[in-house]
Each structure stands twice: as C-alpha cells, then as structure tokens.
Amino acid sequence: MHRYIDILSKNDLFTGICTENIGKILNYFDASICEFDEGEYIFKSNHELNRIAILIDGKAQIINADFWGNCTILSELDKGGIFGEVHSLLPYDIPTVSVVTLCPTTVIFIDIDCILSPIPEIGDCQSQLRSNIMRIMAKKLLNNARKLEHISRRSTRQKLLSYFTEQMNRHQSPAFDIPFTRQQLADYLAVDRSAMSSELSKMQKDGLIRYNLNHFELLSENECVS
C-alpha cells in the first residue's frame, strides 16, 4: 500500500495532506487495493456503495444502462479519478450507475468514515479531507452541467458543436484530441452513432471541422473559404 502514497499525494482527495498523514489514513481505515481487467465492472448499479474509490492506474467509464441494455456514458475516469463520494455520503440512495474499466485498472478503496466520523488519530486531516471532497464534488457538478448543456441542444449537429466548443476552450486551441471513440462519443451525447457519423461528414463537407479518428480541428471562416 505504501508504494502508492506518492501517487496519492498528488490526488485531489489528499491535497494539503502530507505523505505521513496519508499513510496514517490508509492504515487506520484499512484501505484496500483491487486490480481489474479490461471490460470488468469496478462497481455495478443497484448495489450499496459506502467506499470512495481512487484510480491509481488505468481508465474507466461511469455508465448508465437501461433495462434493454442501451448505454449512456456519463463521464470518464482517468488515472487519479475518484468516484463513490456522493453515494457514500448518501447511504440510502442506491446508485443507478455502473463503473466499467477500459483497460487493466488498479483501484484503492477507502472507507467513507475517514471523513464523516471524528477520528482523533488523524487530527486536522479530516477537515482538509472534507474541504477536498467539497471541491471534488463542485468540479463534478460543473462537468455535469456542461454535459447537460450539450445534450439539451435539439439537433445532433448542435450537440457536436457545443461539445467541440467546450473542448476547444479546454485545450485553448481549435485543434484537439477527444477521449472518445465514435460509439463512446455518441453514447456521451445521447445520439445514434450512424446519424452522428453522417453529421460529422456533413460538417466537414460544410467546412466547419476537419477530423481524423479522434483528432478534430474547428475551422474559421477564412479556412472554410480556402
């Protein structure tokens, strides 16, 4: 476990907490490490979740699937990603989402009691942990608001343009790579994949974008003319 402390010290959950105290937290709450293969569920919907999970390595997606297996991607988790904090704080609210890996992934699970229950052994670390959790939840709330902005657009083209504009602003460049395959992007924007692929081709023909695989470039009017 201690070999991961340097990695955890850079994680948002442990911002402002020294490595010695991170070690105390992990020891006191008997943190556990689990390894998952590609395509394996870290967590399945409709099960109680009372632990915070941190991706030490790998990548995963938070998904929502209906009764018929139709899947919507809610968000993606990279190395350092955190999930479970909201439902851990609301133990009677059973999650309706699942978390599935995209490649071999290592996860550390930490009991939520390290934040909720007064623990003299970790002293002032608890207040820092609570502040960190608040910032993490605020960031996720902002990301969810951005996604809602995309999928609330009426047409597939408008959804794509909204998403591409966000990516341009995030990368501070009209050229950027997106973290999704075509199917994943369609799931994220809640649109049909074939319809979306057709719309991307039309947008490129209309001079709005250029793309190759997951690399996209937004074009200005001057570039469109040329």
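**Exercise 1. Asp30**

Task: Decide whether Asp30 is buried or exposed, and place it in the chain.

Solution.
Step 1. Asp30 has a relative accessibility of 64%, so it counts as exposed. The cut-offs are these: buried means under 20% relative accessible area, exposed means over 50%, and partly exposed lies in between (1.4 Å probe, protein chains only).
Step 2. Asp30 sits in the loop between helix 2 and strand 1 (32–36). Helices (H or I, at least four residues) and strands (E, at least two) are DSSP runs, numbered from the N terminus.
Step 3. Look at the backbone. Asp30 comes just after helix 2 and takes a positive phi of about 50 degrees.
Step 4. Asp30 and Met137 are 107 residues apart along the chain, and their C-alpha atoms are separated by 24 Å.

This is a predicted model: local features need pLDDT of at least 70, side-chain atom pairs count only at pLDDT 80 or more, and totals for chains, interfaces and linings use all residues. Residues are numbered from 1 along each chain as its sequence is written, and side-chain values use heavy atoms, with hydrogens and water left out.

**Exercise 2. The two sides of helix 2**

Task: Find which residues of helix 2 are buried and which exposed residues are on the face turned away from them.

Solution.
Step 1. Helix 2 covers residues 19–28, and its buried residues are Ile22, Gly23, Ile25 and Leu26.
Step 2. Seen down the helix axis, these buried residues fall within an arc of 160 degrees, so they line one face of helix 2. The arc is taken from the directions from the helix axis to the C-beta atoms.
Step 3. Turn to the face directed away from the buried side. Glu20 and Asn27 are the exposed residues there.

**Exercise 3. The nonpolar cores**

Task: Describe the largest nonpolar core and say which element gives the most to it.

Solution.
Step 1. A nonpolar core is a set of buried Ala, Val, Leu, Ile, Met, Phe, Trp, Tyr and Cys residues joined through side-chain atoms within 4.5 Å.
Step 2. The largest core has 25 residues. Leu8, Leu13, Phe14, Ile25, Ile54 and Ile110 have the most contacts inside it.
Step 3. At least two residues of this core come from each of helix 1 (5–8), helix 2, strand 3 (51–57), strand 8 (105–111) and helix 5 (125–151).
Step 4. Helix 5 gives the most, with 4 residues.
Step 5. A second, separate core has 20 residues, among them Ile73, Phe164, Leu185 and Ile209.

**Exercise 4. Two buried residues**

Task: Place Ile62 and Glu199, and list what each one touches.

Solution.
Step 1. Ile62 is found in strand 4 (residues 60–65). Ile62 is buried, with a relative accessible area of 12%.
Step 2. Leave out residues up to four places away in sequence. Ile62 then touches Thr72, Ile73, Leu74, Ser75, Leu77, Phe83, Val97, Ser98 and Val99. Contact means heavy atoms within 4.5 Å.
Step 3. Glu199 lies in helix 8 (residues 193–205). Glu199 is also buried, at 14% relative accessible area.
Step 4. Leaving aside neighbours within four places in sequence, Glu199 is in contact with Thr156, Arg157 and Leu160.

**Exercise 5. Salt bridges**

Task: Explain why the pair Glu76 and Lys59 ties together parts that are apart in sequence.

Solution.
Step 1. A salt bridge is a side-chain nitrogen of Lys or Arg within 4 Å of a carboxyl oxygen of Asp or Glu. The structure holds 9 of them.
Step 2. Glu76 forms one with Lys59, with the closest N and O atoms 3.7 Å apart.
Step 3. Glu76 lies in strand 5 (residues 71–77) and Lys59 in the loop between strand 3 and strand 4, so the pair ties together parts 17 residues apart in sequence.
Step 4. Glu76 is buried at 18%, whereas Lys59 is partly exposed at 29%.
Step 5. Now consider another pair. Glu217 and Arg210 meet in a salt bridge of 3.3 Å, N to O. Salt bridges that share partners join Lys59, Glu76 and Asp78 into one network.

**Exercise 6. The whole protein**

Task: Sum up the elements, extent and burial of the protein.

Solution.
Step 1. The protein has 9 helices and 11 strands.
Step 2. Its C-alpha trace spans about 65 × 40 × 30 Å along the principal axes.
Step 3. Buried residues make up 39% of its 226 residues.
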